[in-house]
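Here are my notes on this model, set out as numbered points. Please read them with the structure open.

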Amino acid sequence: DGTVRAAGNNEDGQCDIQDWDDVVSIGTGYRHTVGVLKNGFMITTGNNEARQCNVLGYRNVTAAKAGLLHTVCLRNDGSVFAVGANPFGQCHVHGWSDIAAIDAGLIYTLGLQTDGHVLAVGDNSFGQCDVQSWSIIIDIAAGMTHAVGLRADGTLAASGSNAYLQTECQDWTDICAIAAGARHTVGLRKDGTLVATGDNAAGQCDVHKLMR
């Protein structure tokens, strides 16, 4: 119905969204939350030390994602804009076009083009922005320092840090949806089962429990 709920650390008011409605898309950063309304405008709450919440007044937005201290927004014409901290160029997206989806990692940004290629800007210390060779991608997911792409044939591409084996997903098959956490990756198979790899210190990869 377009309402939103939140739980967790609320030190900067990032969970103060109980009165939001008519929301079609949300993005959560380190300590800020952004929402896209049905009318194409935006709403934000939380930490704004790097002006990552300065998105009010922008129009025709269809999706928004949030990184550590930056916010990335997709317009209905396929263009992208970003606000917030930009020391690694993670906000240098203003020339992008024909974008179908976006995601924000810790201090980098991904954009999926309509032709199935992927763009990336920002910190590349771990190779998380090395996505230029990817093709036939239909979805993207940005973790803290790793990136994952879902191909049309149900296989995955991955780049970036593999310290926790979070990119050991490139032999997965029949995947229809993906998600990337800080140091782990999750895939949903077409048969409804789940697979996961990466840091499991808090049991975040114990997805077999969700299939009972």
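1. First, a word on the labels. Strands, marked E, are DSSP runs of at least two residues, numbered from the N terminus. With that in hand, Asp-98 can be placed: this residue sits in the loop between E6 and E7. Bear in mind that the model is predicted.

2. Stay with Asp-98 for its backbone. Its phi is near 55°, a positive value in a residue other than glycine. Is Asp-98 buried, exposed or partly exposed? Its relative accessibility is 48%, so Asp-98 counts as partly exposed.

3. Leu-165 also deserves a look. Phi of Leu-165 is near 65°, which is positive in a residue other than glycine. Leu-165 lies in the loop between strand E12 (156-160) and E13. The relative accessible area of Leu-165 is 47%, so this residue is partly exposed.

4. Next, the aromatic rings. A pair of aromatic rings is described by the distance of the centres and the angle of the planes. The count here comes to one aromatic pair. How do the rings of Tyr-58 and Phe-81 sit, and why is the pair called stacked? Their centres are 3.9 Å apart and their planes stand at 20°, so the pair is stacked. The cut-off for stacked is planes under 30 degrees apart.

5. Where do the partners of that pair lie in the chain? Tyr-58 is in the loop between strand E3 (42-46) and strand E4 (61-66), while Phe-81 belongs to strand E6 (residues 80-84). The two are 23 residues apart, and the pair links distant parts of the chain. For exposure, Tyr-58 has 29% relative accessibility and so counts as partly exposed. Phe-81 has 3% relative accessibility, so this residue counts as buried.

6. Now the pockets. The largest pocket has a volume of about 360 Å³. Its lining holds 20 residues, and the closest to its centre are Thr-28, Ala-66, Ala-104, Ala-142 and Ala-180. At least two lining residues come from each of strand E1 (23-28), E4, strand E7 (99-104), strand E10 (137-142) and strand E13 (175-180). E1 gives the largest share, three residues. By class, the lining of the largest pocket has 12 nonpolar, six polar and two charged residues.

7. The second largest pocket holds about 180 Å³ of space. Of the 15 residues that line the second largest pocket, the closest to its centre are Ala-6, Gln-14, Cys-15, Thr-28 and Thr-33. Which elements give two or more residues to this lining? They are E1 and strand E2 (32-37). The lining of the second largest pocket divides into seven nonpolar, seven polar and one charged residues.

8. Last, a sheet. Strands of a sheet pair through backbone hydrogen bonds, either parallel or antiparallel. Here three strands form an open sheet in the order E13-E14-E15, and the pairing is antiparallel. E13 and strand E15 (194-198) are the edge strands, each pairing on one side only. Neighbouring strands of this sheet are turned by 15° against each other on average, direction ignored.

9. One pairing in detail. Strand E14 (residues 184-189) and E15 pair in the antiparallel sense over five bridges. To find the register on screen, start from His-184, which stands opposite Gly-198 in E15.

Notes. Residues are numbered from 1 along each chain as its sequence is written. This is a predicted model: local features need pLDDT of at least 70, side-chain atom pairs count only at pLDDT 80 or more; totals for chains, interfaces and linings use all residues. Side-chain values use heavy atoms; hydrogens and water are left out. Rings of Phe, Tyr and Trp (its six-membered ring) pair if their centres lie within 6.5 Å; planes under 30 degrees apart count as stacked, over 60 as edge-to-face and the rest as tilted. Helices (H or I, at least four residues) and strands (E, at least two) are DSSP runs, numbered from the N terminus. Buried means under 20% relative accessible area, exposed over 50%, partly exposed in between (1.4 Å probe, protein chains only). On a 1 Å grid over the protein atoms alone, a cavity is a set of points where a 1.4 Å probe fits but cannot get out, and a pocket is an open set with protein on both sides within 12 Å along at least five of seven lines; lining residues have an atom within 4 Å of a point. Grid points are joined across faces, edges and corners, and a volume is the space filled by probe spheres set on the points. Ala, Val, Leu, Ile, Met, Phe, Trp, Tyr, Cys and Pro count as nonpolar, Asp, Glu, Lys and Arg as charged, and the others, Gly among them, as polar. Two strands pair if DSSP finds at least two bridges between them. Axes are lines fitted to C-alpha atoms, for helices over the stretch in contact, and angles run from 0 to 180 degrees between N-to-C directions.
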